Amino acid sequence: MYVLPLGDCCCVYEVIAPGVEDGKRIHIPVSAYLLRLDDDTLVMVDTGMNRVHIHEPDHTWRGQPIAEVLVPVMRREDSLLWRLAELGIAPQDIDYVINTHLHFDHAGNNDLLEKATFLVQRDHYELAKGNPSFPNQYWNLPALRYELIDGARTVLPGVEVIPTPGHAVGHQSVLVRLAESGNVILCGDAIYTQENLDHDAWDGQADPAAARKSALELQRIAEEEHAVMFYGHDRHQAQTVLHSPRSYR
Ligand SMILES: [Zn+2]
C-alpha cells in the first residue's frame with residue numbers, strides 16, 4: 001500500500017475540528033492510496049484533487065461561499081499523474097477505484113482512470129449525481145464505469161468496504177489486510193483527524209450525530225481487527241506515515 005500525497009487544503013479549521021483551533025487557517029493534507037494486490041491488481045482508494053489546481057487554486061470553487069473556507073494548494077509533484085509515474089504506473093494500469101465519497105478532494109482525478117471500475121455506495125452516488133457540492137465534472141463522465149454497492153462488502157481479496165455515513169450519505173471507509181504491516185482502516189472523511197476523536201468534535205460534519213456514530217463504530221472495528229486508522233486529513237499523522245514511493249507491505 002502506497003500513501004500518495006496529493007497536496008494540501010488551506011482550511012478554516014472550524015470546518016475540520018470545531019473548538020480545537022478556531023479562527024485559524026491551517027493546511028491539511030490530501031491523500032489517496034494505491035494498493036497492489038497479490039495478483040498485481042492495482043486498486044486506488046480515492047483519487048485526490050484535480051491537477052488543474054496546481055496553476056489555478058480557485059478553479060473549482062471560484063465565487064462560491066466555500067472558497068472562503070478552503071483553498072487547494074498543489075505543487076506539480078502533487079498531481080496524481082506525477083505520483084503514479086514515480087512508481088512506474090500509468091493511469092490506464094489502475095484496475096479499480098474505491099471512492100470513499102465523491103467530494104472534489106477524493107474523486108478529483110477519477111477522469112484520468114478510464115480503465116478502472118469505480119466502487120461507490122449506491123446511496124452516495126445518487127446523492128452526488130447532479131449535486132454541485134460534489135463537482136460532477138471530475139467523476140460523472142460517460143467514459144467511467146461505476147459499480148454501485150449496498151452496504152458492507154468484501155470487494156476484493158483483503159479489501160472490505162464499511163459504510164460510514166455522516167460526512168455524507170453513503171460515505172464508506174475501507175479495511176485493508178496487509179501481509180506484513182497488518183490491518184489498516186482508510187477512514188476517508190468519516191474521521192478527519194485524531195482531534196475529532198480526542199475532542200468529540202463532529203459539528204463540522206454534514207450530519208454530526210451520524211458521523212459520531214460511524215466514527216465510534218470504526219474505532220470499535222479498529223480495536224477488534226487490531227487495525228491502524230489512517231484519518232482523512234490529519235496534519236500530525238501525515239508527519240508519521242510512510243509516503244510513496246515508500247510503502248506498507
Ligand atoms: Zn476530504
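This tour proceeds through a predicted model, one selection at a time.

**The seven-stranded sheet**

Begin by selecting strands E1 to E7. They form an open sheet of mixed pairing, in the order E4-E1-E2-E3-E5-E6-E7. Strand E4 (70-73) and strand E7 (145-149) stand at its edges; each has a single partner strand, so one side of each is left without a neighbour in the sheet. From one strand to the next, the twist averages 25°.

Within this sheet, select residues 25-36, which are strand E2, and residues 42-45, which are strand E3. These two strands are antiparallel, and four bridges pair them. Display Arg36 and look across to E3, where Leu42 stands opposite.

Next, select Asp40, in the loop between E2 and E3. The phi of Asp40 is near 70°, a positive value in a residue other than glycine. Most residues other than glycine have a negative phi. Is Asp40 buried or exposed? Asp40 counts as exposed, because it has 8 C-beta neighbours inside 10 Å, and the limit for that class is 12 or fewer.

**Pro18 and a distant stretch of sequence**

Move to Pro18, in the loop between strand E1 (2-12) and E2. Pro18 is partly exposed, with 18 other C-beta atoms within 10 Å. Which residues does Pro18 touch, not counting those up to four places away in sequence? They are Ala201, Asp203 and Gly204. Add Asn196 to the selection: 178 residues separate Pro18 and Asn196 in sequence, yet their C-alpha atoms are 8.4 Å apart in space.

**The five-stranded sheet**

Now select strands E8 to E12. These five strands make an open sheet, again with mixed pairing, in the order E8-E9-E10-E11-E12. Its edge strands are strand E8 (153-156) and E12, each of which pairs on one side only. Here the twist averages 30° from one strand to the next.

Step across the sheet from E8. Strand E9 (residues 159-163) pairs with E8 in the antiparallel sense over three bridges, and Val159 in E9 is the bridge partner of Leu156. E9 is in turn joined to E10 by five bridges, and these two strands run antiparallel. Select Val161 to find Val174 of E10 opposite.

Continue from E10 to E11. This pair is also antiparallel, with five bridges, and a hairpin of three residues joins the two strands. Val174 has a bridge partner in E11 as well, namely Leu186. How many of the seven residues of E10 are buried? Five are, so E10 is largely enclosed by the rest of the structure.

**Helix H4 across the sheet**

Keep the five strands displayed and add helix H4 (208-225). H4 lies across E9, E10, E11 and E12, running at about 170° to E11. The helix has 18 residues and reaches 25 Å from its first C-alpha to its last, close to the 26 Å expected at 1.5 Å a residue.

Colour Ala211, Ser214, Ala215 and Leu218, the buried residues of H4. They cover an arc of only 100° around the axis, which puts them on the same side of H4. An α-helix has 3.6 residues a turn, so residues three or four places apart point the same way. The buried residues pack against strand E10 (172-178), strand E11 (182-186), helix H3 (194-198) and E12. Then rotate to the other side of H4, where Ala209, Arg220, Glu223 and Glu224 are exposed.

Just after H4, select His226, which takes a positive phi of about 50°. His226 lies in the loop between H4 and E12. With 8 other C-beta atoms within 10 Å, His226 is exposed.

**The cis peptide bond**

Follow the chain past E12 (228-230) into the segment that contains Pro245. A cis peptide bond joins Ser244 and Pro245, with omega about 10°.

**The nonpolar core**

Finish with the largest nonpolar core, which has 63 residues. Which residues have the most contacts inside it? They are Tyr33, Leu186 and Cys187. Select Tyr33 and display its contacts: leaving aside neighbours within four places in sequence, they are Met1, Tyr2, Val3, Leu4, Met44, Val45, Asp46 and Leu186. Leu186 was met earlier on this tour as the bridge partner of Val174.

How values were computed. Residues numbered from 1 in each chain as written. Predicted model: local features only at pLDDT ≥ 70, side-chain atom pairs only at ≥ 80, totals over all residues. Pairing = 2+ DSSP bridges. Axes fitted to C-alpha atoms, helices over the stretch in contact; angles between N-to-C directions. Buried ≥ 20, exposed ≤ 12 C-beta atoms within 10 Å, placed from the backbone. Contact = placed C-beta atoms within 7 Å. Expected span 1.5 Å × (residues − 1). Arc of directions from axis to C-beta. Core = buried A, V, L, I, M, F, W, Y, C linked by C-beta atoms within 7 Å.
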